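Dear colleague,

I am passing on the structure we spoke about, and would be grateful if you could read the notes below with the coordinates open beside them.

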Amino acid sequence: MEKIRFPLLLLLLVSLAFAIRLYHLDFQSLWRDEVDAILFAEKGPLGLLPWFITPGQNGPLYYLLLSFWITIVGRGEFGVRFFSLFWGVLLVPLIYQVGLRWLERRVALFATLLVSLSPYLIWYSQEAKMYSLLSFLSLLSVHLYLLALERNRWYLWLAYLLATGLSMYIHILAVLLVPFEALFYLISWPRYRGASKAWLMAMGILVLPYLPLARWEIPTLLSSFATGHKFYTLPEIFTVLLFSFGLNSAPYRGLFPVALVLFLLLAGVLLYRKEGEGGEVSLGGFLALLRNILAKHHSALFLSLYLFVPLFALYLISLGMPIFTDRYLISITPAFFLLIGCGLVAIGKRSRLLLAICLALLLVVNLSTLWFQTDTKVKSDFRSVAEYMRDREGLIVFLMPYVRQSFAYYYQGDFMWADPPYTNGGLDEEGVGEEMEKITAGQEMVWLLVSEGELWDSRGLVREWLEENGSLVDEVEFARVEIYRYSLGGGH
Amino acid sequence: MKAEIRRVVALLPLMLLSMALLSLLVQGSGVLAYRSFQSPQSPTNPPPTVSPSPTATAIPPTETPTPTPTGTPEPMETPQPPTPTETPAPTETPLPSPIPTFEAAPPAAVASPIPPAEESPSQPPPSRSWAGYIKIGLVALAYTWRTLGVLAFVAFLGLVMFLAIGRWRR
């Protein structure tokens, strides 16, 4: 009976994950990164192949795969995002398998349930970017690594090398998993000593796919290159991830749901112990004691390293070059949810009542967040903007200019545009005036489309010039986009 | 019941530890304002060096500029380094952008307060003819078909993975 029940339960969870990810898949308008992804993919395989060795290109393999995908399904929002949905759904059976193989069935089920309903993972399963594929491929890499260590078969090592090597070309920061994998091996060396030679060889071979990336990544890291990202301290990074992975876009930012998540994580690390894990504690000096402790908490150690080593590595990189953004660490979400699963099991062993309460609260938080994020326009709504602007004449000034691609994607026609002067570099009002005179010369009507405008003109000088030299005749607001229409009185 | 309460109370130190740890983590760090989906990435394209003349810039959407790798290497999603062009990159602004529009994001367009006289009238809602309904039906059918197909495919792959790894395990 059990043999049928669990696969059925898994199938149910996979179907649930699929249905939730499918719901309102194209509700949000594509934002500029997604439109960029489509434009990159449209370069086609021949245009993208050089990107694999071109400095500065992140994720060429993703764009290559996407280029094949869009030749089949087209460049529509639904079709393009479906590619991410696919990998997001596939993560669900994979995390079950990882939980089942390396931890225990109850942990696997809890983690699978949480991944199915995770607002964070659902968000990226509905975004035409590489993040859902990255999370899938990273977990596959970890799973294959553990299998290879345990069985030491050449085909498992090969599969691991393939998964890891490919993931580096899905996202450059996928490489952060390798330090975790190496450290885990070194700490648990006695357990896997039979695989020493193969491990050394695999680590050596793994350098090869990384070489083209290292060629430009390391000099960049050593340079004084300013990324523009804010610097986050280690506790800040951890807190941001707690909020992001735990709540994503929850309409409230109260501490209680995060405290619950933290409580379960701590329970997973400190209280969880896999059935039959570790042996009798033997006396025999500090090293023997340490070995016993490691053996007794092997699962917790594995998950903690999986969660914290990439995080710490990113922090170290950020010390030289701030680069932290939560989604760059999406590859550690499996560890996050498996640890929470461990925490739930550990709590359940002590109190079923508390387990029920924790699980119910987690579900309430997740479902309310999901309801919010799937029914609220969050991304810049250029679909509505293009619809609104259709058949309206006049010059369109995009503030900031990079959103023009999103507008063009939806507008699908010719329009007259101009880029306003960049003022964040210190351009004064006079300079702005001169530039604005130039771009609006001979125009009677100017539309100012503002989206993420502070990245270009944080002092609002462009709008100020239009206010002074024209009259506002129309003003419309969409999600993260504002439109102002100015009459310039027959040219000026 | 008493035993249950005792077991819950035994976990109280861990709960308090979580609360204390969280209080320490969020204290003064400002991370509560962080929004994961407010994408902090800067544009990947190099900024235009000269603002184009409006009369010459009507473009089809496919001509949207695509990124050209510059001499300075950098990851795609990280902002561009400042370049000594006439118009510097917009990425000198610290990111992420602090736009608080998420919580107050309007569900739909706000009506224009001043309807411009010369503006072309907005399109009337399209009237639904039988042909329109049939088209909608066909599209819905196509999506349903595609969805079922993909669901079956995903389920199949999941099952294969499950069985294959299960076999390895044994």
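Two residues are taken to be in contact if their C-beta atoms, placed from the backbone, lie within 7 Å. In that sense, and leaving aside its neighbours within four places in sequence, A:L449 touches A:V385, A:I396, A:V397, A:F398, A:L399, A:F407, A:V481 and A:I483. Please keep in mind throughout that this is a predicted model, for which the predictor gives the complex an ipTM of 0.76 and a pTM of 0.78.

Chain A first. Chain A is divided into domain 1 (2–375) and domain 2 (382–487), and the C-alpha centres of these two domains lie 40 Å apart. The contact between them takes seven residues from domain 1 of chain A and seven residues from domain 2 of chain A.

The largest nonpolar core has 186 residues, and A:L449 is among those with the most contacts inside it, together with A:L91, A:I95, A:C342, A:V397 and A:L448. Helix α5 (residues 77–102) of chain A gives the most to this core, contributing 16 residues, and the core draws at least three residues from each of domain 1 and domain 2 of chain A.

Helix α8 (residues 131–151) of chain A can be checked against its expected length: at 1.5 Å a residue, its 21 residues should span 30 Å, and its end C-alpha atoms are indeed 30 Å apart, which agrees. Of those 21 residues 19 are buried, so α8(A) is largely enclosed by the rest of the structure. Just after α8(A), A:N152 takes a positive phi of about 55 degrees.

Turning to the strands, chain A has an open sheet of five strands in the order β2-β1-β3-β5-β4, with mixed pairing. Why do β2 (417–418) and β4 of chain A each have one side left without a neighbour in the sheet? Both stand at the edges, each with a single partner strand, so there is no neighbour in the sheet on the other side. At one edge, strand β1 (residues 395–399) of chain A and β2(A) run parallel and are joined by two bridges, with A:W417 in β2(A) as the bridge partner of A:I396. At the other, strand β4 (residues 471–478) of chain A pairs with strand β5 (residues 481–487) of chain A in the antiparallel sense over seven bridges. β4(A) and β5(A) form a hairpin with two residues between them, and A:R480 in the turn has a positive phi of about 60 degrees; the bridge partner of A:F478 in β5(A) is A:V481.

Chain B calls for caution. Its mean pLDDT is 52, and 34% of its residues reach 70 or more. Chain B has three helices and zero strands, and 22% of its 170 residues count as buried. Among the elements of chain B, helix α2 (residues 12–26) has the highest mean pLDDT (87), whereas helix α3 (residues 130–169) has the lowest (71). Over residues 37–126 of chain B, pLDDT stays under 50, and the model has 182 contacts beyond four places in sequence for that stretch. Of the contacts in chain B with a separation of 6 or more, residues 24 or more positions apart account for 63%. I would ask you to read that last figure alongside the mean pLDDT of 52 for chain B.

With best wishes

Conventions. Residues are numbered from 1 along each chain as its sequence is written. Chains are lettered from A and ligands numbered from 1 in the order in which they are written. This is a predicted model: local features need pLDDT of at least 70, side-chain atom pairs count only at pLDDT 80 or more; totals for chains, interfaces and linings use all residues. Helices (H or I, at least four residues) and strands (E, at least two) are DSSP runs, numbered from the N terminus. A residue is buried if 20 or more other C-beta atoms lie within 10 Å of its own, exposed if 12 or fewer, and partly exposed in between; C-beta atoms are placed from the backbone. Two strands pair if DSSP finds at least two bridges between them. pLDDT is the predictor's confidence in each residue, from 0 to 100. The expected span of a helix is 1.5 Å times one less than its number of residues. A nonpolar core is a set of buried Ala, Val, Leu, Ile, Met, Phe, Trp, Tyr and Cys residues joined through C-beta atoms within 7 Å. Domain bounds come from an automatic or database domain assignment.
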